[in-house]
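Me: I would like to learn how to read burial and strand pairing in a protein model. Please take me through one case.

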Amino acid sequence: MRTIAVINQKGGCGKTTISINLAAALATKGKQTLLVDMDPQGHCAVGLAVPEEQIEQSTYDVLIGAGRGEPMRLREILWQISDRFELAPSNIDLAAFEQQMGGVDNRENCLRKVLDEIQDEYDYVVIDCPPSVGLLTFNALRAATDVMVPVEMGYFSLHGLSRQLETLTAFCEQCKQNINVTVLASMYDIRTKMGREILAELKKHFSERMFKTVVNFNTKLKEAASLGQPICEYDPSCKGFKDFLSLADELIGSDTQIHRANLVNSLQAKLDKISASADELLADTPAPKPQKQQQPIVSCDEKLADFYGVRQLDGHVVFSTIYPRAQQVQIAGDFNEWKPENAALDRVDEKGKWQLTMPLNKGLYRYRLVVDGQWQQDPYNDWIEMNPFGEFNSVLNVE
Ligand SMILES: Nc1ncnc2c1ncn2[C@@H]1O[C@H](COP(=O)(O)OP(=O)(O)OP(=O)(O)O)[C@@H](O)[C@H]1O
Ligand SMILES: [Mg+2]
C-alpha cells in the first residue's frame, strides 16, 4: 500500500482538489483507493457530496480511538464514493484532536496505526492535509510513504514552498523517516507569462523532485467540486481529467521503486538541496511589478482591518488573529519571557478578531498564541520553527 500525504501549509494551493481527483483517477485505473480527510474544514466530503449533517463519525473518532488503544473503527466511518473509491470524511470535530491528545504518548502515530491495519485492503491511500503544520499534519507524515507538495504557480507560493520544505526537513530530522517528497505544479495557467516563467524555473531547480504532470488551471475542476463530483464523473472529456489520469499513471509507474522498507531516498540530503534551491529561486525571481494605478491613501486602521498574522506598522508590531468562540487570546514569546499573563489580545469585532499592538526592538523573536489556555502556533504566520517539545513556534523578525 502506498500512502500519499498531500501537504502544503499554504492555504488554497489545490490540496483538496488534487486529493479528491487523484484518488478518483487511481480508482478509475483499477486501484483500490482510500481518501482520508485530515482537515477539520471537511472539504473532501463537500467536494464529494457527502452531506455534512450525516457524518456521525469522522476521522476524529478513529484517530482518538487509536490514540486510546481502542479497537479499530475505520470501517464504521467510510463512505463509498464509487467503485474502488472510499472516503474517510472529517468535520469540525477534528479541530479538537490536537488539544485532546495533548500529553498523550505517541499521539503523532494514531493515523499510522489505523492505516497499518488496513494495508492489505488498499493499493493507495491519499491523505488531504490542513493548511497548517500541527499534530494532524504530523500524523499524515508519520503514515506516509510519499509526500506530494502542490505548488500554485504564483510568485508568493515559492516563498511558502521554501518554508514548507524546511518544516519537512525538521520533521525528518526528528523522527528519522525516509519519505519521497515530490513537488506538483498546480493551477498552472499557460496563458500567463508569470505562470510559464515560474514553471520553467521550478523545473530547472527541482527537476527530479517534481512530477512531470502539471495540473492545469481548469474551471471545470471548480464546477465539479461545487456539484460534489470528482472530475472523472463531471466531465471525463475535459483537460482537468486528463491531468489527473496522467498523474495517476505517473504514480503507478513509479510503484516499483517505492517500498517503505527500502526507500532509497534520504530525505534529509535531498531536502537540504531542495530548500537551498527554493531560496535561490526566490532570490532570482523578480517580485511582481507594482501596478501603475494610483493607490488610494488608507489609514492605519483600514490597513489593519483586513489582515491576520503579524505586521510591523509605525514602529510597533501588531498581532491579529481570529477565534470566534475563544474567551481569551494571549501571546507568549521570548519578548515577554514566555509569560502570557500580561499580553492579552483585545477582541476587536463581532466576527471574533483579536488584536494586540506591542512596541518591539529590532531582532528575531519566537512566540506562540495561547487560546483559552491552549498554546498553539500563529495560524496566519507561515514562518515557524520546531521547538524542543516537538511543537512549532512562530517566528518574527522586527526590522
Ligand atoms: N487546477 C485548478 N483549476 C481551477 N481551480 C482550482 C484548481 N485547483 C483548485 N482550484 C480551486 O481553488 C480553490 C482552492 O482549492 P482547494 O480547496 O483544492 O485548495 P486547498 O489547498 O485544499 O485549500 P485549503 O488550504 O483551504 O485546504 C477551490 O475553489 C478550487 O476549486
Ligand atoms: Mg483543502
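Me: Which residues of S5 lie on one side and which on the other, and are they buried or exposed?

Reply: This is a predicted model. On one side of S5 are Tyr124, Val126 and Asp128, on the other Val125 and Ile127, and all of these are buried, leaving both faces covered. The strand spans residues 124-128, and five of its five residues are buried.

Me: Which strands does S5 pair with, and in what sense?

Reply: Strand S1, residues 2-6, runs parallel to S5 and is joined to it by five bridges. In that pairing Ile4 is opposite Val126. Strand S2, residues 33-37, also pairs with S5 in the parallel sense, over five bridges. Here Asp37 is opposite Asp128.

Me: How should I read a cluster of buried nonpolar residues?

Reply: In soluble globular proteins, nonpolar side chains tend to be buried together. In this model the largest nonpolar core has 55 residues, and the members touching the most others are Leu34, Leu74, Phe97 and Ile127. Helix H7, residues 135-143, gives this core its largest share, six residues. Another core lies apart from it, with 35 residues, including Ile4, Ile55, Leu184 and Leu247.

Me: What is Leu34 in contact with, beyond its neighbours within four places in sequence?

Reply: Among its contacts are Tyr124, Val125 and Val126, which belong to the residue range of S5. Leu34 also contacts Leu74, Leu78, Glu86, Leu87, Ala88, Leu115, Ile118 and Tyr122.

Definitions and conventions: Residues numbered from 1 in each chain as written. Chains lettered and ligands numbered in written order. Predicted model: local features only at pLDDT ≥ 70, side-chain atom pairs only at ≥ 80, totals over all residues. Heavy atoms only, no water. Core = buried A, V, L, I, M, F, W, Y, C linked by side-chain atoms within 4.5 Å. Buried < 20%, exposed > 50% of the residue type's maximum accessible area, 1.4 Å probe, protein only. Helix = DSSP H or I, 4+ residues; strand = E, 2+ residues; numbered from the N terminus. Contact = heavy atoms within 4.5 Å. Pairing = 2+ DSSP bridges.
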